[in-house]
Amino acid sequence: MESFGARLHRAVGERGPLCVGIDPHPALLARWGLADDVDGLSHFAGTVVDALGDRVAVVKPQSAFFERFGSHGVAVLESTIRQLRERGALVLLDVKRGDIGSTVQAYASAYLNPSSPMHVDAITASPFLGVGSLAPMFELAAEHGGGVFVLALTSNPEGASVQRATTADGRTVAQTVIDEISQLNAGAEPLGSIGAVVGATVGETGCDLSAMNGPLLAPGLGAQGATAADLRVVFGSSLPAVLPSYSREVLGAGPDPEALRAAADRAVVDCRAALKLS
Ligand SMILES: O=c1ccn([C@@H]2O[C@H](COP(=O)(O)O)[C@@H](O)[C@H]2O)c(=O)[nH]1
């Protein structure tokens, strides 16, 4: 079983360092001339799948925008996930799950078990109940070649008061998350399967990311104000592991599929330059 880290490394090599989010905001649905209902949602997601599913390394549906329509929206999400995977994109479902370990086990089987209708390549997870509470996700991910991206330094301004707080041993909360992930990824080649989320908006992290050996998902580009050039300040020598993520910035170019593809291509060019990839 090929690991998620290896699959991600290959996908980025073939398609470029880019994750595009599917975030069907009501304002975007309106801008695309779509109704704010399940049909609009389905049309929006289908257009992104057709335009980018065979082009972008990672696509990140934001679960909240599908859940908003109840079971019908979740059905659209399931179908979107299936279609993206058929087109060769890695699917990172942004659900930010976390709970006590016995419940995390159920989340893990919902998203990381290949027999689940919602099976994806990777999910986002919240470490607020302790990174150790996410162990069932890490274990199922390892068993089935999946990945988990754990929140460390999020892109929103409110995150810093918790994530940059200092723990009893003098490390920040974010650093303790990074250090626990580093242990899980130790020795993995070419890249570990447990990632961290570090926003492109956060400026200097104050964290030592050098032992991470896993992907660094960087949201906050575009609509939240960060630019590809900011990635250098945030990630320094860890730039090669960064997976830049854009949602509204790229989606705003739609609904024309050619315009969506052009926006994604521009983002790849900018990110390659910022990450110093050829
Ligand atoms: O720290 C984080 C973690 C997750 N996100 C999510 O990424 C996208 C960002 O959308 P944009 O339109 O590019 O701003 C969205 O789904 C967030 O929930 C994040 O922004 N920051």
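Trainee: What makes up the shell around the ligand, by class?

Mentor: In this predicted model, the shell around the ligand holds five nonpolar, five polar and five charged residues. Of the 15 residues there, D23, Q62, S155, Q224 and R248 come nearest.

Trainee: Which atoms make S155 a polar contact of the ligand?

Mentor: A polar side-chain atom of S155 and a nitrogen atom of the ligand are 2.6 Å apart. The cut-off for a pair of N or O atoms is 3.5 Å, so this pair counts as a polar contact.

Trainee: And what about Q224 and K60?

Mentor: Happy to take both! An N or O atom in the Q224 side chain is 2.8 Å from an oxygen atom of the ligand, and a polar side-chain atom of K60 lies 3.1 Å from a ligand oxygen atom. Both values are within 3.5 Å, so both pairs qualify. As for cover, the ligand taken alone exposes 460 Å², and the protein buries 88% of that.

Trainee: Where does the ligand sit?

Mentor: The ligand sits in the largest pocket.

Trainee: How many disulfides does a search of the whole structure find?

Mentor: Zero. Take C19: its closest cysteine sulfur, in C271, is 11 Å away. A disulfide needs sulfur atoms within 2.5 Å, so this pair is too far apart for a bond. Looking from C271, the closest cysteine sulfur is that of C19, again at 11 Å.

Trainee: Why is C19 called buried?

Mentor: Buried means under 20% relative accessible area. C19 has 0% relative accessibility, so C19 counts as buried. C271 is also at 0%, and therefore buried.

Note on methods:
Residues are numbered from 1 along each chain as its sequence is written. This is a predicted model: local features need pLDDT of at least 70, side-chain atom pairs count only at pLDDT 80 or more; totals for chains, interfaces and linings use all residues. Side-chain values use heavy atoms; hydrogens and water are left out. A residue is near a molecule or strand if one of its heavy atoms lies within 4 Å of it. A polar contact is a pair of N or O atoms within 3.5 Å; within protein, one must be able to donate a hydrogen and the other to accept it, and residues adjacent in sequence count only if both atoms are side-chain atoms. Accessible areas come from the Shrake-Rupley method with a 1.4 Å probe; for residues, only the protein chains shown count as cover. On a 1 Å grid over the protein atoms alone, a cavity is a set of points where a 1.4 Å probe fits but cannot get out, and a pocket is an open set with protein on both sides within 12 Å along at least five of seven lines; lining residues have an atom within 4 Å of a point. A molecule sits in a cavity or pocket if more than half of its atoms lie within 2 Å of its grid points. Ala, Val, Leu, Ile, Met, Phe, Trp, Tyr, Cys and Pro count as nonpolar, Asp, Glu, Lys and Arg as charged, and the others, Gly among them, as polar. Buried means under 20% relative accessible area, exposed over 50%, partly exposed in between (1.4 Å probe, protein chains only).
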